[in-house]
Amino acid sequence: MASLKGPGEPQQYDGSALRIGIVHARWNTTIIEPLLAGTKAKLLASGVKESNIIVQSVPGSWELPIACSKLFSASQIQSTTSSSLGAGDLLGSSTTDLTTLDAPGKPGAALSGPFDAIIAIGVLIKGETMHFEYIAESVSHGLMRVQLDTGCPLIFGLLTVLDEEQAKARAGVSSGSHNHGEDWGLAAVELGFKRKEWA
Ligand code: DLZ
């Protein structure tokens with residue numbers, strides 16, 4: 001029987017004409033890394049070209065909404081002026097190499113056109129204070145606002161978990177667990193593809 005949870009049987013969408021932005025937080029790096037790898041694996045498997053996957057990092061999840069917003073508007077400006085500004089010039093650090101988290105100062109890939117979808121990845125683990133609740137709610141609202149304000153699909157790759165074990169079980173780290181990053185990659189391709197159809 002089909003599982004109740006999850007996005008259902010995935011359809012194949014052609015990602016070969018898509019440009020996808022990824023902004024990830026660096027907090028909880030050991031969980032972020034496999035999520036990022038899972039996301040990228042599905043983007044590439046869907047035909048998205050490596051050169052069309054632009055990756056930025058920010059310190060923590062709190063910074064995700066502003067970074068997604070700036071990344072989107074920078075790519076819009078870039079697509080109309082066609083200068084050679086690198087992604088790293090916008091937010092301080094970037095890479096297109098997802099095998100490692102980005103190194104500050106490393107030049108980013110040129111932002112040569114607008115994004116068809118942006119994926120925001122963060123891992124919030126509940127602590128002993130109310131910090132988790134405030135950040136989780138604000139970031140969720142912030143990301144939705146960026147998505148609706150820009151009209152660019154913004155994939156919600158924010159894990160909000162109670163402990164590290166829950167995080168590992170959603171990042172494909174615990175044995176037999178599913179990597180949610182894969183779903184985010186597929187969702188970005190589907191929404192990016194449909195966005196072109198809806199334009
Ligand atoms: C400060 C903080 C804490 C306590 N926990 C997390 C977390 O679990 N996940 C995450 O992505 N970020 C965390 N941060 C950092 C904040 O998101 C933010 O980067 C800082 O408060 C600076 O604005």
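A residue is called buried if 20 or more other C-beta atoms lie within 10 Å of its own, exposed if 12 or fewer, and partly exposed in between, with C-beta atoms placed from the backbone. Select Glu-50 to begin: Glu-50 is exposed, because 12 other C-beta atoms lie within 10 Å. Glu-50 sits in the loop between α1 (29-45) and β2 (53-58); helices (H or I, at least four residues) and strands (E, at least two) are DSSP runs, numbered from the N terminus. Add Lys-40 to the selection: its C-alpha atom is separated by 8.8 Å from that of Glu-50, and the two are 10 residues apart along the chain.

The numbers used here count residues from 1 along each chain as its sequence is written. The model is predicted: local features need pLDDT of at least 70, side-chain atom pairs count only at pLDDT 80 or more, and totals for chains, interfaces and linings use all residues.

**The whole chain**

Next, display the whole chain, which has six helices and five strands. Along the sequence they follow the pattern β-α-β-α-α-β-β-α-β-α-α. Of the 199 residues, 43% count as buried.

Colour the chain by pLDDT, the predictor's confidence in each residue, from 0 to 100. The mean is 86, and 81% of the residues reach 70 or more. Now select residues 82-110, where pLDDT stays under 50; the model has 61 contacts beyond four places in sequence for this stretch. Two residues are in contact if their C-beta atoms, placed from the backbone, lie within 7 Å. Among contacts in the chain between residues at least 6 apart in sequence, 77% join residues at least 24 apart. For the complex, the predictor gives an ipTM of 0.99 and a pTM of 0.86.

**Strand β4 and its partners**

Select β4 (117-125). Eight of its nine residues are buried, so β4 is largely enclosed by the rest of the structure. Show strand β1 (residues 20-25) as well: β1 and β4 pair in the parallel sense over five bridges, where pairing requires that DSSP finds at least two bridges between two strands. Within β1, Gly-21 stands opposite Ile-118 in β4.

Then add strand β5 (residues 154-161), which runs parallel to β4 and is joined to it by eight bridges. Here Leu-124 stands opposite Thr-160 in β5. From β4 the chain crosses through α4 to β5, and this β-α-β crossover is right-handed: with the strands pointing away from the viewer, the path from the first strand over the helix to the second runs clockwise.

**Around the ligand**

Select the ligand and its shell of 15 residues, of which Ala-25, Trp-27, Gly-60, Ser-61 and Trp-62 come nearest. A residue is near a molecule if its C-beta atom, placed from the backbone, lies within 6 Å of it. Both β4 and α4 (131-150) supply at least two residues of the shell, and β4 gives the most, with four. By class, the shell has eight nonpolar, six polar and one charged residues. Ala, Val, Leu, Ile, Met, Phe, Trp, Tyr, Cys and Pro count as nonpolar, Asp, Glu, Lys and Arg as charged, and the others, Gly among them, as polar.

**Two loop residues**

Select Asn-28, in the loop between β1 and α1. Its phi is near 60°, a positive value in a residue other than glycine. Asn-28 counts as buried because it has 20 C-beta neighbours inside 10 Å.

Finish at Glu-128, in the loop between β4 and α4. Glu-128 is exposed, because 6 other C-beta atoms lie within 10 Å.
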